[in-house]
Every structure is written in structure tokens, then in C-alpha cells.
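Work through the exercises below with the sequence and the structure at hand. Each task is followed by a solution in steps.

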Amino acid sequence: MVIATKFGGTSVANGRNLEQVIDIILSNPKRRVNVLSGPGKRDKEDIKLTDLSIGIGNAAYEGQNYMQLLEMVVQRFVDITSYFHINTSFLDPLIASLNNVIKSTPLSKNQYLDGIKPYGEIIISAIAAEALRMKGVDAQVYRPEDIGMMTNSDFGNAKLLDGSYQRIAQVLNPVLERPGKVIIVPGFYGVDSNGRYVTFQRGGSDLTGAVLANALDAELCENWTDTDGILRADPRVVDNPEVIKMLTYREAREMAYSGAQVLHPDTLMPLIAKGIPLHVRNTFAPEREGTYIVATKLPTGSVVEGITHKDGFSMVYVEQMGMNEQVGYLSKLTGIFAENGVSIDHLTTSVDSVAIAIDNGNGRLNMVREDIIKSGLVDSPDGINIAYNKSLVCVVGEGMRHTTGVMAKVSSALASQGINIETVFQGPSERNIIFGLEQKDAIKAVRAIYNLYFGKPAM
Ligand code: ASP
């Protein structure tokens with residue numbers, strides 16, 4: 001059985017970091033399938049390679065000069081390669097191929113950018129394989145196009161096509177039968193039926209790692225990053241938050257969707273399908289425990305596992321006396337959102353009112369409002385109110401299911417900080433409680449809830 005790994009952008013940001021990645025790969029012979037992100041920032045002021053590539057694409061598309069940006073990209077790779085004292089000539093065909101893509105005639109801007117964006121991943125993978133070979137390891141790069149990782153043609157938002165898993169297994173399983181063979185796969189993209197590169201959403205190398213783990217029936221998927229694991233709260237909000245030891249897939253999905261930065265939210269689906277655990281670990285402190293994400297866990301003793309928040313929500317409040325007695329009211333109401341192409345994130349009802357939370361709905365909500373009024377679902381236009389710039393603060397933890405008084409404790413902690421809770425959304429699973437409030441209160445709210453559950457007792 002193999003371990004599939006994915007190393008994030010900072011893990012491969014420079015030669016020294018990449019060397020650490022190589023040490024990690026070699027320290028466990030099961031790490032046979034390794035996905036790399038494009039080089040990330042070396043320091044706060046630096047630019048991620050993906051962003052440099054997008055900059056090149058934007059400039060070239062507009063007919064502007066992109067040479068300086070391209071030189072920065074090339075220099076970055078030359079520096080990383082030189083760290084390993086490898087002759088840089090193997091980079092030439094890769095840079096030439098990048099140049100060809102830049103000079104190609106685009107059909108659409110998104111398609112054009114997607115042709116350029118994966119080069120960070122592609123070139124760093126070539127360097128890693130070269131550096132591994134220098135150490136006598138039988139390493140080889142398999143690009144998504146070599147292994148049948150096929151997607152639709154939604155450039156920048158690729159969705160994997162079903163047959164991909166089988167094709168990947170067909171190509172890579174025989175490779176894995178060769179003892180000692182180490183596979184490197186550039187993350188972040190697949191190819192459509194016309195052979196064009198199509199990138200996943202940003203951060204999508206996570207997904208590449210999970211897809212490979214599924215296709216190859218890995219015993220474990222590792223996600224190597226620059227934090228000690230998944231943190232109980234955003235470190236920009238709470239000082240030094242604790243690391244979560246273990247989360248269920250469901251808890252992790254709730255956290256990823258509600259604002260935790262560590263994982264691309266779609267990552268878990270391929271792993272859940274096969275029950276493969278995900279281990280989030282720190283490349284720069286591999287001795288630390290990290291966070292395990294698993295199908296089920298024994299009670300950890302924690303009621304709450306993590307607290308996240310996400311800004312930019314709009315709330316639609318609909319009030320209509322007696323809506324609870326009208327058969328099909330909710331279905332008609334939500335149908336109007338669907339017809340306008342607005343996806344509903346959360347919804348909660350009471351006898352005469354409904355509150356609906358929408359992520360970024362700004363552009364289309366006025367149409368929704370007009371259609372609701374036209375449909376007669378409210379007696380008067382006053383029955384519908386839309387509020388913008390709201391935050392959702394999400395408290396996640398399977399432990400809440402068996403604990404009474406969570407809501408009471410959290411609400412009073414927020415009240416004591418003078419924070420007004422405008423709406424509460426709670427799923428039937430009792431795995432999360434989501435508080436809708438003013439954006440300006442969100443950070444204070446996260447801190448208050450964190451202190452309630454994880455604050456150090458006063459000395
Ligand atoms: N390099 C890509 C990005 O910056 C993909 C990734 O790192 O996962 O989004």
C-alpha cells in the first residue's frame with residue numbers, strides 16, 4: 001500500500017525547502033506518489049508563482065510587456081535548481097514550452113490563462129524529480145495529461161470526469177509495481193477532451209493529491225503545509241490557536257466551507273469515497289503530530305473542535321403570516337433563488353419567517369426580491385428585507401451533539417461582548433452552529449467563543 005502526499009506552495013518555495021520535501025519523501029518508502037504545488041511565497045513580500053503566471057497571462061493577453069515577469073519566473077526556477085548543483089539545461093525545453101503557450105492564440109481569456117497557470121507545478125515537479133534522481137532515486141514525473149486525469153472544460157474551475165480514477169489506476173499501478181519507483185505529479189490541473197489544460201480552483205493541488213489517493217487505493221493521503229495542522233481558529237484572529245488532533249471528514253468539510261484556509265473544500269470527497277484518512281502536517285516541523293481527518297473518531301473530550309468565520313454574506317429575510325400552513329411555500333421560495341442562479345448557503349425558518357444566507361449574492365438579489373414580490377409569496381414588499389455585509393461565524397464539533405447548553409453558553413459569551421446575534425442556523429446533525437451577525441463583530445465573536453472553550457483559566 002502506498003501513501004499519496006501533496007506538498008503546498010511554501011514547502012517548495014526555494015531550494016532549501018524543496019530539499020526538506022525530498023527528505024520527507026525519502027524518509028518513508030511508502031511515499032511513492034507525490035503531488036507538488038507551484039512555488040509559493042518565500043517571504044511576505046514575495047509573489048506566488050501561480051500569481052506571477054497569471055500576471056504574465058494578463059499582460060500578454062492585453063498585448064503588454066510581460067518579459068520582466070517571465071524573467072522572474074525563470075530566475076526562480078534557476079535558483080531552485082542551482083541549489084541542488086544541477087545543470088539547469090533540462091529547464092530549457094520547459095521554458096520554451098511555456099513561451100509557446102504565452103505566444104499562442106487564445107480562444108478565450110480563461111482558456112489562455114489556464115494554459116499558463118500550471119507551469120509553476122510542472123517545472124517544480126521536473127526539478128524535484130531531477131534532484132531525486134541525483135540522489136540515485138528512480139523518480140519520474142507523470143503529468144495529468146500522461147495519466148488520464150480528465151476534467152470538463154470549465155477553465156479555472158475544473159471538475160474531474162468520472163473515468164479519470166480508472167485511467168489513473170491503469171497507468172500508475174503498473175509503475176508502482178516497480179520497486180523503488182517514486183512518482184511526482186504536478187498538482188492543480190487536469191486536461192479536457194481537447195487536451196487543453198484546465199485548472200481546478202485556487203489551492204486545487206490538494207484535490208490532485210486526494211484524487212491520486214483514491215485512484216491508487218492509498219492507505220493514507222498526506223497534506224504537507226506550513227502550519228502544524230488544522231487550527232482551532234484562524235491565527236490572524238486568535239493568537240497561537242491550538243492544533244486540532246483529529247477531525248471527522250464532516251467536521252473538516254464544515255470547517256473548510258465556512259472559512260478555514262487549510263484545505264480546498266472539495267479535497268475530502270475522493271477520500272471519503274474510499275475511507276482514506278487525510279493527515280495534515282507541517283513540512284517545517286515533521287516531528288509534530290499534525291491533524292488526522294478520519295471517517296469516525298471516538299469522543300475526543302472536546303465539545304467544540306474549531307471556530308471559523310466568513311465575511312461577505314447577504315441575508316434575505318422573508319416574513320409572511322401563516323407561511324407555515326401553506327403547502328409548498330418553501331419550495332416556491334427557494335425555486336425563485338434557483339431560477340435566478342443564486343445558490344442558498346443556509347436557511348432557517350420559524351412560523352411566519354424565513355432567513356436565507358447567501359455567499360456573495362449581491363448582483364442578483366434585487367431580481368430575487370422582485371420575483372418574490374411578483375409571485376405573491378409576500379403580501380407586501382415590506383415582507384422581504386435584504387441585508388448585505390454580514391458574517392457567518394461557525395462553531396464546529398461532533399461533541400455538541402451529546403452536550404446540552406452549547407447554544408446558551410455561546411450566546412451569553414457573545415452577549416457579554418455586546419455582540420448582537422441576528423440569525424442562527426443549525427443543521428440537524430448538531431455538528432455545527434452558525435451565527436449570522438454584523439461583519440464588524442465577527443472577529444470579536446470568534447475570539448469570545450475561542451476563549452470560552454480554549455481560553456487559559458485566569459491565574
Ligand atoms: N498553485 C496553485 C495556487 O496557488 C494551486 C495550489 O497551490 O494548490 O492556487
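**Exercise 1.** Find the loop that holds Asn194, and decide whether Asn194 is buried or exposed.

*Solution.* This is a predicted model. Step one: Asn194 sits in the loop that joins E5 to strand E6 (197-199). Step two: count the C-beta neighbours of Asn194 inside 10 Å, which gives 9. Step three: a residue is exposed if the count is 12 or fewer, so Asn194 counts as exposed. Step four: look at Ser153, which is 41 residues from Asn194 in sequence. From C-alpha to C-alpha, Asn194 and Ser153 are 8.8 Å apart in space.

**Exercise 2.** Check the length of helix H1 against the span expected for its residues.

*Solution.* Step one: H1 covers residues 15-26, which makes 12 residues. Step two: the expected span is 1.5 Å times one less than the number of residues. For H1 this should come to 16 Å. Step three: the end C-alpha atoms of H1 are 16 Å apart, which agrees with the expected span.

**Exercise 3.** Sort residues of H1 by burial, and state which elements its buried residues pack against.

*Solution.* Step one: the buried residues in H1 are Asn17, Leu18, Val21, Ile22 and Ile25. Step two: look down the axis of H1; the buried residues fall within an arc of 145°, so they line one face of the helix. Step three: turn to the face of H1 that points away from the buried side, where the exposed residues Arg16 and Asp23 are carried. Step four: the partners of the buried residues are strand E1 (3-7), strand E2 (31-36), helix H3 (67-83), helix H6 (119-134) and strand E4 (182-186).

**Exercise 4.** Describe the residues around the ligand by number and class.

*Solution.* Step one: 13 residues surround the ligand. Step two: the closest are Ser37, Thr50, Phe188, Arg202 and Ser205. Step three: by class, the shell holds one nonpolar, nine polar and three charged residues.

**Exercise 5.** Compare the settings of Phe188 and Asn240, which each have a positive phi.

*Solution.* Step one: most residues other than glycine have a negative phi. Step two: Phe188 is not a glycine, yet its phi is about 85°; for Asn240, also not a glycine, phi is about 50°. Step three: Phe188 lies in the loop between E4 and strand E5 (189-191), while Asn240 lies in the loop between strand E7 (220-225) and strand E8 (246-248). Step four: Phe188 has 29 other C-beta atoms within 10 Å and is buried, whereas Asn240 has 7 C-beta neighbours inside 10 Å and counts as exposed.

Note on methods
Residues are numbered from 1 along each chain as its sequence is written. This is a predicted model: local features need pLDDT of at least 70, side-chain atom pairs count only at pLDDT 80 or more; totals for chains, interfaces and linings use all residues. Helices (H or I, at least four residues) and strands (E, at least two) are DSSP runs, numbered from the N terminus. A residue is buried if 20 or more other C-beta atoms lie within 10 Å of its own, exposed if 12 or fewer, and partly exposed in between; C-beta atoms are placed from the backbone. The arc is that of the directions from the helix axis to the C-beta atoms. Two residues are in contact if their C-beta atoms, placed from the backbone, lie within 7 Å. A residue is near a molecule or strand if its C-beta atom, placed from the backbone, lies within 6 Å of it. Ala, Val, Leu, Ile, Met, Phe, Trp, Tyr, Cys and Pro count as nonpolar, Asp, Glu, Lys and Arg as charged, and the others, Gly among them, as polar.
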